[in-house]
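Here is a short briefing on one protein model. It covers strand pairing, aromatic contacts, charges over rings and cysteines.

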Amino acid sequence: MIRITQLKLPADHTKDELKDKILKLLRIDTHALLSYAVIKQSLDARKKPELYYVYTVDVHVSDEQDIKRRTRQKNIMFCRPEPDYVLRVRGDQAPAHRPVIIGTGPAGLFCGYELALLGYRPILLERGADVDRRLADVKQFWEEGKLNIHSNVQFGEGGAGTFSDGKLNTLVKDPQRRNARVLKVFTEHGAPEEIRYQNKPHLGTDMLTGIVKNMRKSIEKLGGEVRFDTLVKDIRTVIEGDARRLAGLLVEDLRSGERYWLETETAVFAIGHSARDTFAMLEKQGLPMEAKSFAVGVRIEHAQTMVDKEQYGEANAGKLPPAAYKLTASASDGRGVYTFCMCPGGYVVNASSEEGRLAVNGMSYHDRGGENANSAVIVTVSPDDYGADGPLSGVEFQRRLEEAAFREGGGNVPVQLFKDFRENRPSSGGGNVSPQIKGAYRWANVRSIFPTFLARDIEEGIAAFDRKLPGYAGDDAVVSGVESRTSSPVRLVRGEDMESGIRGIYPCGEGAGYAGGITSAAMDGIRTAEAIVRIYRPFDKRDEALRNF
């Protein structure tokens, strides 16, 4: 196989021009080219208005040795194809019961999918609704203000990431190629092939909803089971040697109110960063956990056309996909301020999951066709800022901010022009940027939600970003709050074997404090599946029959 790197073409090139460039670099004719595959594609906008796509491609030719003899270019290499990720059973212990996975976000879905492929017949429990009912519940909340505390932007099939921009890039080091595995599984369940090579791929809410449903159907076809409207209320443990071991889960069917014990010695807690009641239950049961740093702030909206012109140059605006940005700064007190979950052509959404508390997030559809760009502007906070001790002190800090946001907006999303945010005064109406918000909103004083140091740092960060992206601190930029669910405020402590201090409990994903986004959460789900198959062999119906004889 031949790998060509740093293959550069103008941003408006055609597919035929990419093929012609490959032929020219290798000095072969079209008959010698058997096939090629794009491995990576990124946009180089450093010399705007001249923009280029930069490719890495893998090429198969009829006579590789001939090219090898006469080629000395650094960007043309000869190598073997990288192997696909494969999970293999290594354990030989017979499981007494089927493994249970709590949560059907990316971590839970991918853990369940990999186990189902190998015959473990996992049971997935999800407090929220299936994705179709969830969409209806969220729509009703945004249009009528009727909140379903178990089926909303945070909870339900697909997890919180379903209502997001659907970014699939990650900074996690990946020598095992779990990332490639995640992208491959997504494409097998409805995602476009280009996510496997784009530098910053994304899916969007409209595409994610279909993909997670398809993954659920695959799990069920493979012998797994998914139970919606099912909340884990408690755990039961037994003493095994000098340690506690999981023996069962007390679960409640939220539609009927029925409670029952589900026996299992293996439970993956992929519960998401908003499962505050489950955190409290696990703390009461003595599961080792600790408060961790996270970040809070606001959403800020600008016209997407402004962002496009600054990122691409005026001549290219409108000719390329909506532009993204990523900005960082240091406030005067030394805290980091940065943009997070930037949504080109997206919407701010009311992402609340508790009565009397309000949180916002950003989402976009696959086409990123909305009028505005929005992003979180957030500041890192640590346990020293929470005003209390204990592993759930970060949760209480979040709740205080969300209660303040709810009061300020009268139950609606509070919004404010940035010029008024600077002056600490309520806004009475909008300017040139019209808020693009899913859910009712009200002009208010967003700054009043925050402690003084956070409001100051947010303002300083936005002013600093304006020097990098002119217009960012414009008077008419719209801020809304509160962005409080950036990551989990809790870490459920686990060892190198992925288990917690209560044996058989596997903390997993973003909610457990081990991931940050769709792809890294999915990869952590795969890692957790690896830990389980190192111990147990697949669940065998014959073993079950013998136990029940």
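In strand β16, V348 stands opposite G362 of β17. The model is predicted. The notes below start from that strand pair, then move to a buried strand, the ring contacts and the cysteines.

**The three-strand sheet**
- β16 spans residues 347-350 and runs antiparallel to β17, with four bridges joining the two.
- Both belong to an open sheet of three strands, ordered β17-β16-β20, in which the pairing is mixed.
- The edges are β17 (360-363) and β20 (437-438), each of which pairs on one side only.
- In general, strands of a sheet pair through backbone hydrogen bonds, in a parallel or an antiparallel sense.

**Strand β18 and its partners**
- How many of the 10 residues of β18 are buried? Nine are, so this strand (residues 372-381) is largely enclosed by the rest of the structure.
- β13 (residues 294-303) runs antiparallel to β18, and 10 bridges join them.
- β15 (residues 336-343) also pairs with β18 in the antiparallel sense, over five bridges.
- A376 of β18 links to both neighbours: R299 is its bridge partner, and F340 stands opposite it.

**Aromatic pairs**
- The count of aromatic pairs comes to 10.
- F110 and F186 form an edge-to-face pair, with 5.3 Å centre to centre and 80° between the planes.
- F110 lies in helix α3 (residues 106-117) and F186 in helix α5 (residues 178-188), so their contact ties together parts that are 76 residues apart in sequence.
- Both rings belong to buried residues: F110 has a relative accessible area of 1%, and F186 has 3%.
- Y386 and F397 form a tilted pair, at 5.5 Å centre to centre and 40° between the planes.
- Y386 sits in the loop between β18 and α9 (393-409), while F397 is in helix α9, so this pair ties together parts that are 11 residues apart in sequence.
- Y386 and F397 are buried too.
- Ring pairs also bring in F294, which forms a cluster with Y386 and F397.

**Charges over rings**
- R127 places its charged end over the ring of F155, 4.3 Å from the ring centre.
- K438 lies over the face of Y347, at 4.7 Å from the centre of that ring.
- This second contact involves residues of the three-strand sheet: Y347 falls in β16 (residues 347-350), and K438 falls in β20 (437-438).

**Cysteines**
- The structure holds zero disulfides.
- Why are C341 and C343 not bonded? The sulfur of C341 is 4.3 Å from that of C343, its closest cysteine sulfur, which is too far for a bond; a disulfide needs the two sulfur atoms within 2.5 Å.
- From the other side, the nearest cysteine sulfur to C343 is that of C341, and C343 is in no disulfide.
- C343 is buried, with a relative accessible area of 0%.
- Both cysteines fall in β15 (residues 336-343), the strand that pairs with β18 over five bridges.

Methods:
Residues are numbered from 1 along each chain as its sequence is written. This is a predicted model: local features need pLDDT of at least 70, side-chain atom pairs count only at pLDDT 80 or more; totals for chains, interfaces and linings use all residues. Side-chain values use heavy atoms; hydrogens and water are left out. Two strands pair if DSSP finds at least two bridges between them. Buried means under 20% relative accessible area, exposed over 50%, partly exposed in between (1.4 Å probe, protein chains only). Rings of Phe, Tyr and Trp (its six-membered ring) pair if their centres lie within 6.5 Å; planes under 30 degrees apart count as stacked, over 60 as edge-to-face and the rest as tilted. A charge sits over a ring if NZ of Lys or CZ of Arg is within 6 Å of the ring centre and within 35 degrees of the ring normal.
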